[in-house]
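Visitor: I would like a close look at a single part of this protein. Please take one strand, then work outward from there.

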Amino acid sequence: MSTTTTTATPTLTTQSKKRAGLVEDAKLLQHPVEKTGIAAISQGMMLPGIPSFTDMDKKRRWMLEHMAGAFRIFSRKGFTEGMSGHISLRDPEHSNLFWTNPLGIHFGLIKASDMILLNHDGEVVGGNRSRPANAAGFQIHSALHKRYTHVNAACHAHTVNGKAWSAFARPLEMINQDVTMFYGDAQAVYKDFGGVVLTPEEGRRLGTALGPRGKLLILRNHGLLTVGHTVDEAAYLYTLAERSCEIQLKVENAAAAGSPRVLIDRDAAEFTFKMTTDPEAVYCEFQPDYEYELAVSGGDFLQ
């Protein structure tokens, strides 16, 4: 006599199904679907990101317009100090050349046509030939562009809060959500100060201090330097770093008066960093300032 064994399929009650659904929801919360920074922040349709070009001349023109816009935004935010400060931008066609601003023109007056094209020997090979570039800026930016292929743009200025915080020769602390863009290896401190950067050796040391994953370099007794895949990314990170230094100084004052500070824990900081710092997301962070500048200035910096 043979015996047939059957396996019964369990029947879930409505309450059991709800519990099972809650378990699946919990699993999704623990392991959310991977999204880019732009996808994560966009509810509904996707925010447009970095445009693409088939015409190299049009791409170059667009990049120089955004570079000029970055200077105007720096001016509006009070980032000027005499002739100090410079932004550089790798040429999209000739990777061994980069654009920078002329020495002695106020950030609030710079136009796209003012930019100077340099090679890594410091020779002017294109663009504006009516003024020199900043020699210290050349040493810094040339070293960064030569060393790191992902550094297409770099920004440096002598700003109030950046200079003040640089006197401590310490990295920024993870004291709020925004500063987590500089979590971990994304920021570094250059702990030497040898005066104005006028030698290739000093430029190379700055590049070493920044590191391959660096986005912000705090230069002791000097100020801030940021880098990015686009000039928009580098410029936004600079404005964020300057504001973060201001907030850090306020927190330092409050802590000195006895108020305890609470830092963001490592996992939360790492997650926020991951979700906010891809190059396209940071590019988009810059666009509200750029569009505002375009509107209030009438776009004269596009010339």
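Visitor: Which residues of strand 6 lie on one side and which on the other, and are they buried or exposed?

Guide: A caution comes before the answer: this is a predicted model. Strand 6 spans residues 187-190, and both of its faces are covered. Gln 187 and Val 189 sit on one side. Ala 188 and Tyr 190 sit on the other. All four are buried, that is, under 20% relative accessible area. The two-by-two split follows a general pattern. In a regular strand, side chains alternate between the two faces of the sheet.

Now the partner. Strand 6 pairs with strand 7 (residues 216-219). The sense is parallel, and the pairing runs over 4 bridges. Within it, Val 189 stands opposite Ile 218 of strand 7. The link between the two strands is helical. From strand 6 the chain passes through helix 6 (residues 200-210) and on to strand 7. This β-α-β crossover is right-handed.

Next, the empty space. In general, rolling a probe the size of a water molecule over the atoms shows where such space is left. The model has 2 cavities of 30 Å³ or more. The largest holds about 40 Å³. Tyr 190, one of the buried residues of strand 6, belongs to the lining of that cavity. Asp 192, Phe 193, Gly 194, Gly 195 and Val 197 line it too. So do Glu 202, Leu 206, Leu 219, Arg 220 and His 222.

Move on past strand 7. Asn 221 lies in the loop between strand 7 and strand 8. Its phi is near 60°, a positive value in a residue other than glycine. That is worth a second look, because most residues other than glycine have a negative phi. Asn 221 is partly exposed, with a relative accessible area of 42%. That value falls between the 20% limit for buried and the 50% limit for exposed.

The approach to strand 6 offers a second case. Ala 169 is placed in the loop between helix 5 and strand 6. Phi of Ala 169 is near 50°, again positive in a residue that is not glycine. Unlike partly exposed Asn 221, Ala 169 counts as buried, because its relative accessible area is 17% and the cut-off is under 20%.

Step back along the chain to strand 5 (residues 153-157). 5 of its 5 residues are buried, so the strand is largely enclosed by the rest of the structure. Both faces are covered here as well. Ala 153, Cys 155 and Ala 157 make up one side. Ala 154 and His 156 make up the other.

Strand 5 has antiparallel pairings. One is with strand 1 (residues 86-90), joined by 4 bridges. There, Ser 88 stands opposite Ala 154. Another is with strand 8 (residues 223-228), over 5 bridges. Here Cys 155 stands opposite Thr 226.

After strand 5 comes a loop leading to helix 5 (160-166), and Thr 159 is in it. Thr 159 is buried, with a relative accessible area of 1%. Leaving out residues up to four places away in sequence, Thr 159 touches Phe 79, Tyr 238 and Glu 242.

A helix gives another buried position. Ile 73 is in helix 3 (residues 56-76). Its relative accessible area is 3%, so it is buried. Beyond its neighbours within four places in sequence, Ile 73 contacts Phe 286, Asp 289, Tyr 290 and Glu 293. Take Tyr 290: it is 217 residues away along the chain, yet the two C-alpha atoms are 7.3 Å apart.

Helix 9 (279-297) brings in the largest pocket. Helix 9, helix 2 (37-41) and helix 8 (266-276) each supply at least two residues of its lining. Helix 2 gives the most, with 4 residues. The pocket holds about 300 Å³ of space. 16 residues line it, and the closest to its centre are Ile 41, Met 181, Met 275, Thr 276 and Glu 285.

Last, the whole chain. It has 9 helices and 8 strands. Of its 303 residues, 45% count as buried. Among contacts with a separation of 6 or more, 69% join residues 24 or more positions apart. The accessible surface comes to about 16,300 Å², and 54% of it belongs to carbon and sulfur atoms.

Conventions. Residues numbered from 1 in each chain as written. Predicted model: local features only at pLDDT ≥ 70, side-chain atom pairs only at ≥ 80, totals over all residues. Heavy atoms only, no water. Buried < 20%, exposed > 50% of the residue type's maximum accessible area, 1.4 Å probe, protein only. Contact = heavy atoms within 4.5 Å. Areas by Shrake-Rupley, 256 points an atom, 1.4 Å probe, with all protein chains shown as cover. Pairing = 2+ DSSP bridges. Right-handed = clockwise from strand over helix to strand, strands pointing away. 1 Å grid on protein atoms, 1.4 Å probe; cavity = no way out; pocket = protein on both sides within 12 Å on 5 of 7 lines; lining within 4 Å. Points joined across faces, edges and corners; volume = space filled by probe spheres on them.
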